[in-house]
Amino acid sequence: MEFFEVVNRRRSVRRFKRVKIPEDDVKKIMEAGRLAPTDATLHLWSAVWIRDDVKKSEIAKLIGQPHVEEGSDFFIFLADLYRLRELLKYRGREIVANKLALFVFAAVDAALAAENMALAATALGYGSCFIGAVQNAVYDLVSLLKLPDLTYPLFGLVIGVPDEDPPRRPRLPADMLFHREEYRAYREDELKAAYEIMGRVTRSGDWLRILERYAARDGYFDKRSDLMISVMKRLGFM
Ligand SMILES: Cc1cc2nc3c(=O)[nH]c(=O)nc-3n(C[C@H](O)[C@H](O)[C@H](O)COP(=O)(O)O)c2cc1C
């Protein structure tokens, strides 16, 4: 597929045929992830590849995402400072930089690798879906995947043979996302238009419901933040 066709065709797939992707294709997808850019060559990410259906099903139940069970392969992307520490230790050095700041760079590295993989999967005719819901069961994942300290499960990516062809989901207009030469504040008519455009992704027609569900007090992200911080402390990031 031509590059822009791949970008246009990718969308989150949440229904998969229960068949396995040939392992050679999964390796090609992983190679696309390996070749992604990485800040300062540090490679502050890694991913746990879950192909075993029993384990995948257990994780799907833990995080409440049935499409993870249906998909062929599931990758859990980690912020990974553990490998950096091992590399430095091997040469008699240690991490002295602020680990919380490194966590941000790690999340960027991981996202770049994962998006390369999502696009590679699309180019090969497969479907994929990012899974932030791994945050619903971080402690369980840490023990199930035997994650060492200085690693943190950021998000997942499920890949499989699609059993649906979802419509393209709307996005904000380009001039709300890209600021030319300098940042500019949003006009009221743009904010109104944003709700109209994005309302199409929601059942109620009102995007505010989604924004609130995630970002409000006691919303999903608010509830997750205490857990995230406690896990990050336990794993040595803070
Ligand atoms: C970091 C991240 C986390 C996400 N987490 C989930 C998730 O847990 N479950 C899910 O079904 N979709 C998840 N999504 C998919 C988004 O809902 C989806 O990308 C968005 O609605 C736009 O739809 P599209 O990808 O089809 O264009 C996630 C996407 C991203 C980038």
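# Close-up views of a predicted model

**View 1. Lys89 and Glu86 share helix H5 (residues 82–90), three residues apart, about one turn of the helix.** The model shown here and in every other view is predicted. The side chains of Lys89 and Glu86 meet in a salt bridge, with N and O 3.5 Å apart. How accessible is each partner? Lys89 has 52% relative accessibility, so Lys89 counts as exposed. Glu86 has 28% relative accessibility, so Glu86 counts as partly exposed.

**View 2. Asp25 pairs with Lys28 in a salt bridge.** The closest N and O atoms of this pair are 3.6 Å apart. Both residues belong to helix H2 (residues 23–34). They are three residues apart there, so about one helical turn separates Asp25 from Lys28. Is Asp25 buried or exposed? Asp25 counts as buried, because its relative accessibility is 14% and the cut-off for buried is under 20%.

**View 3. A salt bridge joins the side chains of Asp189 and Arg187.** The N to O distance is 3.0 Å. Asp189 has a relative accessible area of 45% and is partly exposed. Arg187 has a relative accessibility of 46% and also counts as partly exposed.

**View 4. Four residues are linked in a network of salt bridges.** Which residues take part in this network? They are Glu23, Lys27, Arg51 and Asp73. For the model, the count comes to 16 salt bridges.

**View 5. The largest nonpolar core has 56 residues.** Which residues have the most contacts inside this core? They are Phe74, Phe77, Ile131 and Tyr152. Helix H6 (residues 99–123) gives the most to this core, with ten residues. A second, separate core has five residues. Among them are Met176, Ala194, Ile197 and Trp207.

**View 6. Phe77 is in contact with residues from several parts of the sequence, leaving aside its neighbours within four places.** One group to find is Trp45, Ser46 and Ala47. Next come Ala110, Ala113, Ala114 and Met117. Then look for Tyr152, Pro153, Leu154, Phe155 and Leu157. Tyr152 appears again here: like Phe77, Tyr152 is among the residues with the most contacts inside the largest nonpolar core.

**View 7. Met198 lies in helix H9 (residues 188–198).** Is Met198 buried or exposed? Its relative accessibility is 11%, so Met198 counts as buried. Which residues does Met198 touch, not counting those up to four places away in sequence? They are Pro170, Arg171, Leu172 and Trp207. Trp207 is also part of the second, separate core. Now find Asp80, which is 118 residues from Met198 along the chain. The C-alpha atoms of Met198 and Asp80 are separated by 34 Å.

**View 8. The ligand is surrounded by 13 residues.** The closest are Ser12, Arg14, Gln65, Gly132 and Arg169. Three arginine side chains can be picked out by their distances to the ligand. In Arg14, a side-chain N or O atom is 2.6 Å from an oxygen atom of the ligand. For Arg169, the corresponding distance to a ligand oxygen is 2.7 Å. For Arg171, it is 2.9 Å. How much of the ligand's accessible area does the protein cover? On its own, the ligand has 620 Å² of accessible area, and the protein covers 63% of it. Arg171 links this view to View 7, as Met198 touches Arg171.

Key:
Residues are numbered from 1 along each chain as its sequence is written. This is a predicted model: local features need pLDDT of at least 70, side-chain atom pairs count only at pLDDT 80 or more; totals for chains, interfaces and linings use all residues. Side-chain values use heavy atoms; hydrogens and water are left out. A nonpolar core is a set of buried Ala, Val, Leu, Ile, Met, Phe, Trp, Tyr and Cys residues joined through side-chain atoms within 4.5 Å. Buried means under 20% relative accessible area, exposed over 50%, partly exposed in between (1.4 Å probe, protein chains only). Helices (H or I, at least four residues) and strands (E, at least two) are DSSP runs, numbered from the N terminus. Contact means heavy atoms within 4.5 Å. A residue is near a molecule or strand if one of its heavy atoms lies within 4 Å of it. A polar contact is a pair of N or O atoms within 3.5 Å; within protein, one must be able to donate a hydrogen and the other to accept it, and residues adjacent in sequence count only if both atoms are side-chain atoms. Accessible areas come from the Shrake-Rupley method with a 1.4 Å probe; for residues, only the protein chains shown count as cover.
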